[in-house]
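The exercises below are meant to be worked through with the sequence and the coordinates open side by side. Each task is followed by a solution that goes step by step.

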Amino acid sequence: MIEVFKTNVQEVEQSIMIVGKLLEHFPNSAINFDLEDCDKILRVHAPAISNQKIIEVLNSNGFHCEVLP
């Protein structure tokens, strides 16, 4: 399962921190950012994904996150 999110993460350091926090909740996942994209894309590839949890983790760290249709 793959989910794609639009975020407002700007810096590589921020994306590394967020990936680390997401891996705590989704340990068997492939998670990456595309900060070159205008939507600052976050991709999560995992056997099971909770969109709500991903949005919650980003929000609790001061970032905006929404599922891209």
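**Exercise 1. The chain as a whole**

In what order do the elements of the chain run from the N terminus on?

Solution. Keep in mind throughout that this is a predicted model. Begin by counting the elements, which gives 2 helices and 4 strands in the chain. Then read them off from the N terminus, where the order is β-α-β-β-α-β. The radius of gyration of the chain is 11 Å, close to the 11 Å that the globule rule gives for 69 residues, so the chain is as compact as a globular protein of that length. Finally, take the extent of the C-alpha trace, which spans about 25 × 25 × 20 Å along its principal axes.

**Exercise 2. The sheet**

Determine the strand order of the sheet, and then examine how E2 is joined to E3.

Solution. Strands of a sheet may pair either parallel or antiparallel, through backbone hydrogen bonds. Here the 4 strands form an open sheet in the order E2-E3-E1-E4, and the pairing is antiparallel. Its edges are strand E2 (30–34) and strand E4 (65–67), each of which pairs on one side only. From one strand to the next, the twist averages 25 degrees. Turning to the pair in question, E2 and strand E3 (residues 41–45) run antiparallel and are joined by 5 bridges. As a reference point for the register, alanine 30 stands opposite histidine 45 in E3.

**Exercise 3. Helices against the sheet**

State which strands each helix lies across, and at what angle it runs to an edge strand.

Solution. Take helix H1 (residues 12–25), which lies across E2 and E3 and runs at about 155 degrees to E2. Helix H2 (residues 51–60), for its part, lies across strand E1 (2–7), E3 and E4, with an angle of about 160 degrees to E4.

**Exercise 4. Helix against helix**

Describe the packing of H1 and H2, and decide whether they are parallel, antiparallel, perpendicular or oblique to each other.

Solution. Two packed helices are described by the angle between their axes and the distance between the axes. For H1 and H2 the angle is about 140 degrees, and the axes are 10 Å apart. Angles over 145 degrees would count as roughly antiparallel and those from 65 to 115 as roughly perpendicular; H1 and H2 are therefore oblique to each other. Their crossing is right-handed. Next, identify the residues that meet: Ile18, Lys21, Leu22 and His25 in H1, and Lys53, Ile54, Val57 and Leu58 in H2. Sorted by class, the contact of H1 with H2 has 5 nonpolar, 1 polar and 2 charged residues.

Technical notes: Residues numbered from 1 in each chain as written. Predicted model: local features only at pLDDT ≥ 70, side-chain atom pairs only at ≥ 80, totals over all residues. Heavy atoms only, no water. Pairing = 2+ DSSP bridges. Axes fitted to C-alpha atoms, helices over the stretch in contact; angles between N-to-C directions. Contact = heavy atoms within 4.5 Å. Parallel < 35°, antiparallel > 145°, perpendicular 65-115°, else oblique. Left-handed = near helix turned anticlockwise from the far one by under 90°. Nonpolar A, V, L, I, M, F, W, Y, C, P; charged D, E, K, R; others polar. Rg over C-alpha atoms; globule rule 2.2 N^0.38 Å.
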